[in-house]
Amino acid sequence: MRFLFFERQCGRGSAAISRALLVLLLAQILCGSMWAAFADQAPQPDPAGTATGDKTSVLDAAGNPFVVFEPTDRSSPDYAKNKKAFDEFQAQAAREPLALKLADGVGHDRIGTNFSWTLLTGYLVLFMQAGFALLTCGLVRKKNAAHLMMLNFAAYVFAFLAYYAVGYAFQFGAVAVNASPTNLGGAPTLNHFLIGSGQWGFLGGKGFFLSGPAYDASSNCLTLFEVVFMETAGYIIVGAICERITFWAFLICELFIGGMLYPISGCWVWGGGWLSQLGSSKHLGHGYVDFAGSSVVHSVGGFCAMALALILGPRLGKYGPDGKPRAFPASNIVFVVSGTFVLLFGWMGFNPGSTLGATDLRISVIAVNTNLAAVAGSAAAMLLWYWLFGKPDITMACNGMLAGLVAITAPCAFVSPTASVIIGVVAGVLVCLGVLFNERILKIDDPCGAISVHGYCGWFGAVALGIFADGTYGEGWNGVGAAAYLGKTGQGVTGLLHGDWSQFVVQLGGATLLAIYAFGTTYVVFKAVNAWRSMRVSKDVELQGLDVPEFGMLGYPEDAVQMLSAGSQSPQRAV
Amino acid sequence: MKRIDAVIRPSQLDEVKQRVNALGITGLTVSEVRGFGRQKGHTETYRGSEYTVDFLPKIFVTIAVAEDLVDPVVEAIIEGARTGVIGDGKIFVSSLDDVIRIRTGERGPGAI
């Protein structure tokens, strides 16, 4: 009954965490006074949202703006034509001032529609947290159920705070420079790189603590959507490091991911940073393209998890004296399957929502592609396992579905439904081989398959974009080929099979770089943390299960023989 | 007085209960247990790693009876629990020194 009594043994790390949070708080106060420095800079933020969305936001179905702006580049061959169009627009506007007023309303409504879409899909992505919690909790042993739930819960809480403090500013502090989210009103106040400038930006520099320039309706819409994406990377690691990591070490991992690891690479791809601009600066396709984050979110999370799992080492008893892996069967298949379905549902926000606008009608294709890859991935994993081991493993069938989802996340907007099925099937096979490879050859213990699902399949998804993108979508993506691309008007992001090898090269290089970045940075940082204090629980705690030693309660208290203490209610006597 | 303990297949509990009840016994206690006999365990695969299921789930039935009911109850358990396949279980019969009804303090055969 030793575990029923209070044991105080986790005081060491928690003091360090408290100190770190105190520093964050002080930084916030400092930052609050600092943002006055940005206060007089144009453009002004619009916290009320009353100045966001006017006639300049009105576009037709093909994306042509309603308002014709005065051409500024006199050396352009189209100058005369553009100037004529501008003059005609001016003359027309002078005759019909009411049309301009109406356009102001239409523009505002357009932004409003896109806000609704982006926020609602963001809420769907938020719900994926519940799916991950169910999935990972079901895949581990019962004695660690409370530990798993708390990791998933704390991941949301602490990574969110880190992202609020510095992460968002690092990632999107310069988004208006190259990657303005015009569907959401452009977030024009976020226009400064902390490191780098122009097409070679490495780190955003505005919007710390969401104050000043980031206290803006357009920016906050983006914040909500992006913070839940960061959370996804944040809880991917849970699947690989659970059942042996101490809680304080886990909190440091989350602060690291939410504040540093994810935002930095996120800035390179989505914040208008250098990787996304390789198309303009080095003529490599449309630059590095990752629509909804196969690499930015998933492989970064997956390879970070790999480094952490490597540092922590396998769970006790995972490998026998002969080095052969042993099975620790899942404790709750019902959780595993329902969690996977919650994730599939959440993914309907993850991918279609990444258009950041309901006025982008490609959303239907994206939703279909996402689902197709999911079922194809699951079918492939199920059948492969059936063939290899004689029975289809339910947990691998679920991993296969997630593998398909992870892989289609980058290319979902740029490929056809048929290509989505192919991508899903390859991912479904890849995830199975990845799980066996990790377990038997690398001997990295990954209880939930996070490294294979998110790391390997995420990398593959980003590369698959460079192969299968068919050019039907993404005209002018990352500022490349707005007028014409590969000699065709309206040609979008194009992959190897449709004639643009340079897109494949930048995808392969970019995805590999992000994987190495995530693995390398995490490994260096946490090797140091682990040398300072062991991130792993003691042998006794691990054998007993982490629930009681780390949190003072069991996930399933009915499993313990409860002793009624003196103060508790004893059963009523029958009279 | 005798105590009859039977290890049976979980699927046969209902059959056994009905047959034993029909004999007019006044009490029966069951517990879920795990174990192995000649049936032994079997091997399964989880995410590519093999594991053995050594201890199979069984139901442990305990009945206290007067001497004259021992043979009919044993017969009833056999009838209810037998499937003819290895793993049907075992019955243990042992003598019982005393039985006490907690509510009244009654002792002996009357307390059964």
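The following questions and answers concern a predicted model of two chains, A and B.

Visitor: How many residues of chain A are in contact with chain B, and how many of chain B with chain A?
Guide: By class, the side of chain A that touches chain B has seven nonpolar, one polar and four charged residues. Counted on each side, the contact joins twelve residues of chain A to seven residues of chain B.

Visitor: Which helix gives the largest share of the side of chain A that touches chain B?
Guide: Two helices of chain A, H14 (394-409) and H15 (417-442), each supply at least two residues of the side that touches chain B. The largest share amounts to three residues, and these come from H15(A).

Visitor: What span should H15(A) have, and how far apart are its end C-alpha atoms?
Guide: H15(A) has 26 residues, and at 1.5 Å a residue these should span 38 Å. The helix is followed by Lys443(A), whose phi is positive, near 55°. The expected span agrees with the model, because the end C-alpha atoms of H15(A) are 35 Å apart.

Visitor: At roughly what angle do the axes of H15(A) and H16(A) cross?
Guide: The two helices pass each other in a right-handed crossing. Their contact includes Ile423(A), Leu430(A) and Asn438(A) of H15(A), together with Tyr456(A), Phe460(A) and Phe468(A) of H16(A), among others. The residues of this contact divide into 14 nonpolar, three polar and no charged. The axes of H15(A) and H16 (residues 450-468) come within 9 Å, and they cross at roughly 145°.

Visitor: Which residues touch the most other members of the largest nonpolar core?
Guide: This core holds 168 residues, and its largest share, 17 residues, comes from helix H5 (residues 145-172) of chain A. Not counting residues up to four places away in sequence, Ala305(A) touches Ile236(A), Ile237(A), Gly239(A), Ala240(A), Ile241(A), Ala450(A), Ile451(A) and Gly455(A). Those that touch the most other members of the core are Ile237(A), Ala305(A) and Leu308(A).

Visitor: How many residues are in the second, separate core?
Guide: Among the members of this second core are Ile8(B), Ile63(B), Val65(B) and Val73(B). The core is separate from the largest one, and its size is 14 residues.

Visitor: Against which helices do the buried residues of H17(A) pack?
Guide: H17 (residues 501-532) of chain A has 32 residues, which should span 46 Å at 1.5 Å a residue, and this agrees with end C-alpha atoms 47 Å apart. Its buried residues include Phe504(A), Leu514(A), Phe519(A) and Phe526(A). They pack against four helices of chain A, namely H9 (247-269), H10 (278-282), H11 (294-312) and H16.

Visitor: Why does Ala511(A) count as buried?
Guide: Ala511(A) is found in helix H17 of chain A, and its C-alpha atom lies 6.8 Å from that of Val463(A), although the two are 48 residues apart in sequence. Leaving aside neighbours within four places in sequence, Ala511(A) is in contact with Ser295(A), Ser299(A), Trp459(A), Ala462(A) and Val463(A). A residue is buried if 20 or more other C-beta atoms lie within 10 Å of its own, and for Ala511(A) the count is 26.

Visitor: Is Leu356(A) buried or exposed?
Guide: Leu356(A) lies in the loop between helix H12 (333-350) and helix H13 (363-389) of chain A. Its phi is positive, about 55°, although Leu356(A) is not a glycine. Most residues other than glycine have a negative phi. Because Leu356(A) has 21 C-beta neighbours inside 10 Å, it counts as buried.

How values were computed: Residues numbered from 1 in each chain as written. Chains lettered and ligands numbered in written order. Predicted model: local features only at pLDDT ≥ 70, side-chain atom pairs only at ≥ 80, totals over all residues. Nonpolar A, V, L, I, M, F, W, Y, C, P; charged D, E, K, R; others polar. Expected span 1.5 Å × (residues − 1). Axes fitted to C-alpha atoms, helices over the stretch in contact; angles between N-to-C directions. Left-handed = near helix turned anticlockwise from the far one by under 90°. Core = buried A, V, L, I, M, F, W, Y, C linked by C-beta atoms within 7 Å. Buried ≥ 20, exposed ≤ 12 C-beta atoms within 10 Å, placed from the backbone.
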